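Let's take a friendly walk through a fold, one piece at a time. Keep the viewer open and follow along as we go.

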Amino acid sequence: MLAAMPESAPSPRSTGGAPTRSGGDACPGTLRLHRADDGALARVRVPGGVLTADQADALLAVAERFGDGELHLTSRGNVQVRGLGADCGSGPAELLTAAGLLPSAAHERARNIVASPLAGLDGRPALRTWLTALDRLVCGSATAAGLSGRFLFALDDGRGDVDALGADVTLIAEGDGGLLRVGAGDAVFPVSAAEGPRAALLAAEAFLRAARDSGAWRVKDLPDAARAALVAEVAEVTRVVGAVTRPGTVHRPRPHTATAPRPGPVSGPHATAISVGVPLGRLAPRQWRLLTGTARRYGGELRLTPWRGVVVPGPFGQNGEAAAAEVLRATAAGLITGPDSPWTGVGACVGRPGCAKSLADVRAEAGAAVGPVGRLPVYWSGCERRCGHPHGEWIDVVATPDGHRISHVRGERPEPRATVRDDPSALAAAVAEARA
């Protein structure tokens, strides 16, 4: 079985902008597992991060029956089940299919859609119509089945949170319609609200045509000339089908910071929700059941965020914020329920012993170094691949053969801050200083 590059792993590139590949796209899914050091790994795509309580129960059943019992959240709002045995067979897929989490075997790795997790809750537009339509269109397109497991759609409600994640195709709500962005450029196409999802699919299909010669998996992997040609083709095909509301493009720079929902109660004119962070993205069965039970008792839904958190929408009754606060106290079991948690902004890849490429048990190191909340988030990586790293600005801690390298990332070039040999106390102090 081919090794897979976990979510948000850097894409290999040649100096000419086109990717240099050693093999096909081996990104894992539910049907194509990845063999890790702790057993097989399944990645379940959850478009928009939206789960019903029954679907959440099905995910836990897969983890407990076939895996290590934990559910691992990813940087795209998806779920990974680790520790699957060689004898699990088709059992996980059968459970997920019955729960509606595997609507198309041909498209299961192409359903990479992130969405603003607070959409429709705090006064900004709801995105459910877009999400449902885009997922249906992707699963209905024979061409879209050829998308890489790394290709990413984003649906942003106008706040800029998931627009800042660097998706390949982004729909941004604006006024009565939306804006379509292809790649990381600031040129966007005005589209109608009704045709936005179709325009996004057309852009993805146009990417596959543009990538035919280069073998690119994402828009950023395309050579410069192919990327420019892609934007021109998207402008034409969206005009022909009438998706564009006015000719030409407008310019809207992509935000620099992807901001996670603030932990705690979230109040708005339409609903109240609770937002919790999940330390290192790992949810034990007890924690998952608490969140699922809360969802079933109130709104019936969970939303997984690209920042390894969970939003549970209400309604929570007339005293919505007070009720949500009470729920937070009841479900606090190891979760991040407020901005003062020492785990706020702390992330890490799986590290040892789960990953053979990792040089350290970075999750344990991150836990040992947890201290006062820093101004900047920090991400610990077990090797130079830095899988699952955040976007925007953060403190980057990378394990090296003889210690750890600490850098400040803001833009393309990380700024070195410190190199620490094997000294846990010095490492924790250096990370705290860098975050401050």
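What follows moves from one sheet and its helices to a helix pair, a second group of strands, another sheet and finally the cysteines. Please keep in mind that this is a predicted model.

A good place to begin is an open sheet of 5 strands, arranged in the order 1-2-5-4-14 with antiparallel pairing. Strand 1 (34–36) and strand 14 (282–283) sit at its edges, and each has a single partner strand, so one side of each is left without a neighbour in the sheet. Strand 5 (79–84) has a more sheltered setting: 5 of its 6 residues are buried, so strand 5 is largely enclosed by the rest of the structure.

Which strands does strand 5 pair with, and over how many bridges? With strand 2 (39–44), it runs antiparallel and is joined by 4 bridges. To find the register in your viewer, look for Ala40, whose bridge partner in strand 5 is Leu84, and for Arg43, which is partnered by Gln80. With strand 4 (residues 71–73), strand 5 pairs in the antiparallel sense over 2 bridges. There, Leu73 has Val79 as its bridge partner in strand 5. Strand 4 and strand 5 form a hairpin with 5 residues between the strands, and Gly77 in this hairpin takes a positive phi near 70°.

Now add the helices around this sheet. Helix 1 lies across strand 2, strand 4 and strand 5, and runs at about 15° to strand 5. Leu60 belongs to helix 1, which covers residues 53–66. Is Leu60 buried or exposed? Its relative accessible area is 5%, and because the cut-off for buried is under 20%, Leu60 counts as buried. Setting aside neighbours within four places in sequence, Leu60 is in contact with Gly69, Leu71, Pro285, Trp288 and Arg289. There is a long-range relation to look at here as well: Leu60 and Thr292 are 232 residues apart in sequence, yet their C-alpha atoms are 10.0 Å apart in space.

Helix 2 (residues 91–98) has Gly91, Pro92, Ala93 and Leu96 as its buried residues. The cover over these residues includes strand 2, helix 1 and strand 5, which brings us back to the elements just described. Just after helix 2, Gly100 takes a positive phi of about 80°.

Next comes a pair of helices. Two packed helices are described by the angle between their axes and the distance between the axes. For helix 3 (residues 128–139) and helix 4 (residues 196–210), the angle is about 35° and the axes are 8 Å apart. The crossing of helix 3 and helix 4 is right-handed. On the helix 3 side, Trp130, Ala133, Leu134, Leu137 and Val138 take part, meeting Pro197, Arg198, Ala200 and Leu201 of helix 4. The residues of this contact divide into 8 nonpolar, no polar and 1 charged.

Further along the chain, strand 16 (residues 309–313) is mostly covered, with 5 of its 5 residues buried. Gly309, Val311 and Pro313 point one way from strand 16, while Val310 and Val312 point the other way, and all are buried. Strand 13 (residues 272–277) runs antiparallel to strand 16 and is joined to it by 5 bridges; Gly277 has Gly309 as its bridge partner. Strand 15 (residues 301–304) is also antiparallel to strand 16, with 2 bridges between them, and here Arg303 is partnered by Val311. The hairpin of strand 15 and strand 16 has 4 residues between the strands, and Arg308 takes a positive phi near 55° in it.

Another open sheet is built from 5 strands in the order 17-18-19-20-21, with mixed pairing. Its edges are strand 17 (346–348) and strand 21 (415–420), each with a single partner strand, so one side of each is left without a neighbour in the sheet. Neighbouring strands of this sheet are turned by 20° against each other on average, direction ignored. Strand 20 (residues 403–410) and strand 21 pair in the antiparallel sense over 5 bridges, and His408 has Glu415 in strand 21 as its bridge partner.

Last, the cysteines. How many disulfides are there? The count comes to 0. For Cys88, the closest cysteine sulfur is that of Cys27 at 18 Å, which is too far for a bond. Cys88 is buried, with a relative accessible area of 10%. Cys139 is in no disulfide either, as the nearest cysteine sulfur, that of Cys27, is 16 Å away.

Technical notes. Residues are numbered from 1 along each chain as its sequence is written. This is a predicted model: local features need pLDDT of at least 70, side-chain atom pairs count only at pLDDT 80 or more; totals for chains, interfaces and linings use all residues. Side-chain values use heavy atoms; hydrogens and water are left out. Buried means under 20% relative accessible area, exposed over 50%, partly exposed in between (1.4 Å probe, protein chains only). Contact means heavy atoms within 4.5 Å. Two strands pair if DSSP finds at least two bridges between them. Axes are lines fitted to C-alpha atoms, for helices over the stretch in contact, and angles run from 0 to 180 degrees between N-to-C directions. A disulfide is a pair of cysteine sulfur atoms within 2.5 Å. A crossing is left-handed if the near helix is turned anticlockwise from the far one by less than a right angle, and right-handed if clockwise. Ala, Val, Leu, Ile, Met, Phe, Trp, Tyr, Cys and Pro count as nonpolar, Asp, Glu, Lys and Arg as charged, and the others, Gly among them, as polar.
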